[in-house]
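Visitor: Could you walk me through this one? I'd like to start with the charged pairs and then move on to the helices.

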Amino acid sequence: MMSKKMLSLFNDDHEKLREMCLHIRNGLRTGVATERIRHYVDWASKNFLIPHIQKEEKFLTQQTKNTRIKRAMANHRRIIRLLTCSCEDLKVLNLLEEELEVHINFEENIVYKEIEENSNSKKDNATFGTTKGFYCQWNDPFWEE
């Protein structure tokens, strides 16, 4: 079924997003300047996170609406608000990393499993891909310090 293939691609994306969370966490833990981490987050969001959310929402809107899908969409809005927040970087980075990690787990463990189990879910009309070699494109691997 097309949904399983789509969910597999989104799970691949989620692995990259978990790496992003880990990089933020490591940078904050080791005292890397928040400006460097924020610069990375802005780049990663523009080039990967926002496109991922857009693809995922296009897919989710094709599914039968329920409270879990609505919650996933609300989580996306919260994550985007954090990305555009003018609050102090340290606070935003901590909240973003935590919110994104919790959201990924929610989608994979609840939303995606429910879609897989729903044998009459609507067929996907769109084609989505993952971003290969994403992190090797970033030139300031502060998380390795």
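Visitor: Which residue forms a salt bridge with Arg18, with the closest N and O atoms 3.7 Å apart?

Guide: A salt bridge here is a side-chain nitrogen of Lys or Arg within 4 Å of a carboxyl oxygen of Asp or Glu. Arg18 sits in helix H1 and its partner in helix H4, so the pair ties together parts 83 residues apart in sequence. At 3.7 Å between the closest N and O atoms, the partner is Glu101.

Visitor: What am I looking at, model-wise?

Guide: It's a predicted model, where local features need pLDDT of at least 70, side-chain atom pairs count only at pLDDT 80 or more, and totals for chains, interfaces and linings use all residues. Residues are numbered from 1 along each chain as its sequence is written, and side-chain values use heavy atoms, with hydrogens and water left out.

Visitor: Is Arg18 buried or exposed?

Guide: Buried means under 20% relative accessible area, exposed over 50%, and partly exposed in between (1.4 Å probe, protein chains only). Arg18 has a relative accessible area of 18%, so the label is buried.

Visitor: How far apart are the closest N and O atoms of Arg18 and Glu15?

Guide: Both residues lie in helix H1, 3 residues apart, about one turn of the helix. Helices are DSSP runs (H or I, at least four residues), numbered from the N terminus. The two form a salt bridge, and the closest N and O atoms are 3.0 Å apart.

Visitor: Where is the kink in H2 centred?

Guide: H2 covers residues 34–60, and its end C-alpha atoms are only 34 Å apart, short of the 39 Å a straight helix would reach at 1.5 Å a residue. That expected span is 1.5 Å times one less than the number of residues. The bend at a residue is the angle between axes fitted to the seven residues ending there and the seven starting there. In H2 the kink is about 55°, centred on Ser45.

Visitor: Which helix gives the most to the largest nonpolar core?

Guide: A nonpolar core is a set of buried Ala, Val, Leu, Ile, Met, Phe, Trp, Tyr and Cys residues joined through side-chain atoms within 4.5 Å. The largest has 23 residues, and those with the most contacts inside it include Met20 and Val41. H1, H2, H3 (67–84) and H4 (89–117) each supply at least two residues of this core. The top contributor, with 8 residues, is H2.
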